[in-house]
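Q: Please take a close look at one part of this structure, the packing of its helices, and set it in its surroundings. The account should be suitable for a reader who has not met the structure before.

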Amino acid sequence: MTAENPPVAVSTTATASKGGGGFSWAALFFLAPAALLLLVFLLFPTVYTIALSFNRGRAGEFTEWTGLDNWIRLFTEDPNFLRLGFPPSGALWNNVLWLVFYVSLVVLAGLIIAVMATRVRYEAWIKAIVFLPQAIAATSLAVIWSFVYAPDRNTGLMNAVLGIADIGPVALLGNPSTVNWALIAVGIWGSVGFATVILSAAIKGISSEVLEAARVDGANETQIFWRIIVPMVSLPIAVVAVTLVVNVIKLFDLIFVMTQGGPGTSSRVIAFSMYQDAFRQGQYGYGAAIAVVMVVLLLPVMIFNVRRFRAEAVQQ
Amino acid sequence: MTALQDTTVQAPPRTASERLARFVGKSPVHIILGIIALLWLVPTIGLLITSFRPGADMRATGWWNVIVEPRFTLANYERVLTNEGMGQAFLNSLFITVPSTILPLLVASMAAFALAWVKFPFRDTVFLTIVAMLIVPVQVGFIPLVVAMRESGMPLLTTYAGAWLAHTAFALPFGIFLLRNFFITLPKDLIEAARIDGASNWAIFRTIVVPLSVPAIAAYGIFQFLWVWNDLLMALIYVQRTTLQPMTYQVTTLLGTYATEWSLLSAAAFLVMVVPLVVFISLQRYFVQGLLAGSVK
């Protein structure tokens with residue numbers, strides 16, 4: 001949740017980036033440290049991990065080729081990873097829940113707060129307050145919210161409030177049917193500020209004449225929101241959404257600290273399963289397959305990023 | 001809070017009654033924003049208060065009772081810092097984070113300079129490859145890098161070296177991307193003029209590009225600092241000595257040991273937050289600028 005990298009988008013003012021020119025020692029000198037690190041720490045491991053996913057991989061080394069065994073087990077025989085049924089469950093399914101609810105609600109809440117904040121004098125304060133979780137470690141977010149959810153009216157704020165209405169106490173994190181929703185709510189709380197700040201900047205780019213014209217024509221605020229503001233900031237919305245999708249696929253710390261994937265295995269997500277299966281169970285080939293699943297899920301984002309860059313490069 | 005500041009669109013109301021009318025007309029907005037502010041502040045404030053409450057009070061009543069029984073103590077902080085290892089873990093977090101911030105700053109700005117201002121074949125292809133690498137998850141590195149580090153004969157996993165290198169490498173695609181996009185916006189004439197005057201690439205990099213790019217470099221530095229400081233996962237993998245573990249790891253350990261000792265847990269969680277909050281509040285301007293530079297358009 002913390003310090004999301006800003007979404008990938010591209011400056012339009014490129015002036016100097018055409019390739020060409022002959023071989024350059026200077027270029028080699030400036031690029032060599034980065035190239036070396038990227039080759040050793042990103043490219044080589046990616047190839048190794050893909051290969052290891054077809055291997056038993058004892059101790060992380062190539063010990064015995066097993067063909068598609070890891071892959072077949074992952075998608076058909078491991079209910080902790082994916083169990084299709086009604087309702088479906090497993091780590092991959094939980095990521096789907098996160099993807100649908102976390103991404104859409106963060107974007108929606110971010111938009112609404114950004115629009116509402118433009119209409120008050122304390123706009124800067126509201127934005128700063130919702131943005132603050134960006135600086136906080138997921139580990140600390142986990143402690144903050146485990147405390148709020150504590151199933152004791154004399155400890156947990158949520159149950160104290162519910163107690164006023166004579167509900168509960170409920171243990172959201174201890175119940176397989178509520179734990180994912182409780183975690184998603186924490187995720188939303190952590191990321192809304194990010195969406196608010198980005199979208200607020202975009203909304204300010206909408207010319208006030210457009211909004212005035214709509215008001216003169218008798219549009220109400222709901223119509224202005226859905227028919228003018230949302231379409232006019234659709235690109236920033238897409239960029240924010242893509243960043244949030246990446247967050248979901250890489251999600252780990254919050255789950256690890258708050259629930260350890262529990263109760264049982266009900267709140268696991270793929271990054272947690274990768275750690276659990278590889279490093280705690282010692283099934284490195286299997287863990288490698290899960291890491292590859294993460295890469296595959298991120299490929300559409302990669303294509304989105306590269307396409308956007310190329311489109312910009314052509315416009316120059 | 002200046003970076004988030006913005007001018008209000010409306011003309012100021014002229015009279016008191018006009019002001020009142022406008023305020024009442026907007027009251028749903030004020031109420032909703034008020035609820036939002038409470039929702040975002042209260043959980044954190046509750047934890048902060050708990051970290052200063054005596055343990056006996058914490059076990060007896062909810063933190064909101066400080067209004068009727070305002071007793072505060074520093075004992076929780078004292079205990080987690082000394083007996084519970086958060087003091088050492090604080091230093092460990094610093095030892096991990098500082099090199100893991102400085103190294104990628106240096107390496108990424110050099111590469112970004114070449115990609116922006118040195119001509120060489122396939123430059124756009126190289127940059128596209130780096131854009132593609134933005135999504136590589138740290139998980140693909142875990143198994144091969146741990147094996148390689150273990151077998152290298154060098155103490156990479158029992159010191160901080162492995163974590164520094166892994167953090168640096170995985171920070172590069174984003175850093176190169178961000179800085180290259182900033183560097184190409186620098187005035188071309190300035191750099192061409194320096195070239196004509198016979199300045200070397202290194203001189204142009206050091207005396208023109210870097211000084212003019214302080215906002216972008218600072219933004220990247222802040223991101224990377226916060227990212228590493230707040231990280232738990234990379235430490236779990238690449239720091240294999242319990243005594244070297246950062247604060248995030250130590251908080252997780254405490255949570256396992258003292259599941260409901262919220263006095264200690266809250267103090268520990270707050271210690272993790274202190275440095276990022278100071279960095280964030282004092283350098284917020286750069287942070288938000290960086291965020292916007294990376295996104296909008």
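A: The following account begins with one helix and then turns to its surroundings. The model is a predicted one.

Helix 4 of chain A spans residues 123–131 and is mostly covered, since seven of its nine residues count as buried. These buried residues are Glu123(A), Ile126(A), Lys127(A), Ala128(A), Ile129(A), Val130(A) and Phe131(A). The cover over them comes from both chains: it includes helix 3 (91–117) and helix 7 (179–204) of chain A, together with helix 2 of chain B.

Helix 2 of chain B leads to the contact between the chains. That contact takes 98 residues from chain A and 95 residues from chain B. On the side of chain B that touches chain A, helix 2 (residues 27–52) gives the most, with 13 residues. By class, this side of chain B comprises 68 nonpolar, 20 polar and seven charged residues.

Within chain A, the domain assignment distinguishes domain 1, made of 28–86 and 272–316, from domain 2, which covers 91–264. The centres of these domains of chain A, taken over C-alpha atoms, are separated by 29 Å. Where they meet, twelve residues of domain 1 are in contact with eleven residues of domain 2 of chain A. Helix 12 (270–280) and helix 13 (284–315) of chain A each supply at least two residues to the domain 1 side of this contact. Helix 13 of chain A gives the most to that side, namely five residues. The domain 1 side holds nine nonpolar and three polar residues, with no charged ones.

In chain B, helix 6 (residues 123–133) has as its buried residues Arg123(B), Val126(B), Phe127(B), Ile130(B), Val131(B) and Met133(B). Because they cover an arc of only 160° around the axis, these residues lie on the same side of helix 6 of chain B.

A pairing of helices is also found in chain B. The axes of helix 11 (residues 214–230) and helix 14 (residues 262–282) of chain B come within 10 Å and cross at roughly 170°. Angles over 145 degrees count as roughly antiparallel, and helix 11 and helix 14 of chain B are therefore roughly antiparallel to each other. From helix 11 of chain B, Ile222(B), Phe225(B), Leu226(B), Trp229(B) and Asn230(B) meet Val275(B), Pro276(B) and Val279(B) of helix 14. Seven residues of this contact between helix 11 and helix 14 of chain B are nonpolar and one is polar, while none is charged.

Definitions and conventions:
Residues numbered from 1 in each chain as written. Chains lettered and ligands numbered in written order. Predicted model: local features only at pLDDT ≥ 70, side-chain atom pairs only at ≥ 80, totals over all residues. Domains from an automatic or database assignment. Contact = placed C-beta atoms within 7 Å. Helix = DSSP H or I, 4+ residues; strand = E, 2+ residues; numbered from the N terminus. Nonpolar A, V, L, I, M, F, W, Y, C, P; charged D, E, K, R; others polar. Buried ≥ 20, exposed ≤ 12 C-beta atoms within 10 Å, placed from the backbone. Arc of directions from axis to C-beta. Axes fitted to C-alpha atoms, helices over the stretch in contact; angles between N-to-C directions. Parallel < 35°, antiparallel > 145°, perpendicular 65-115°, else oblique.
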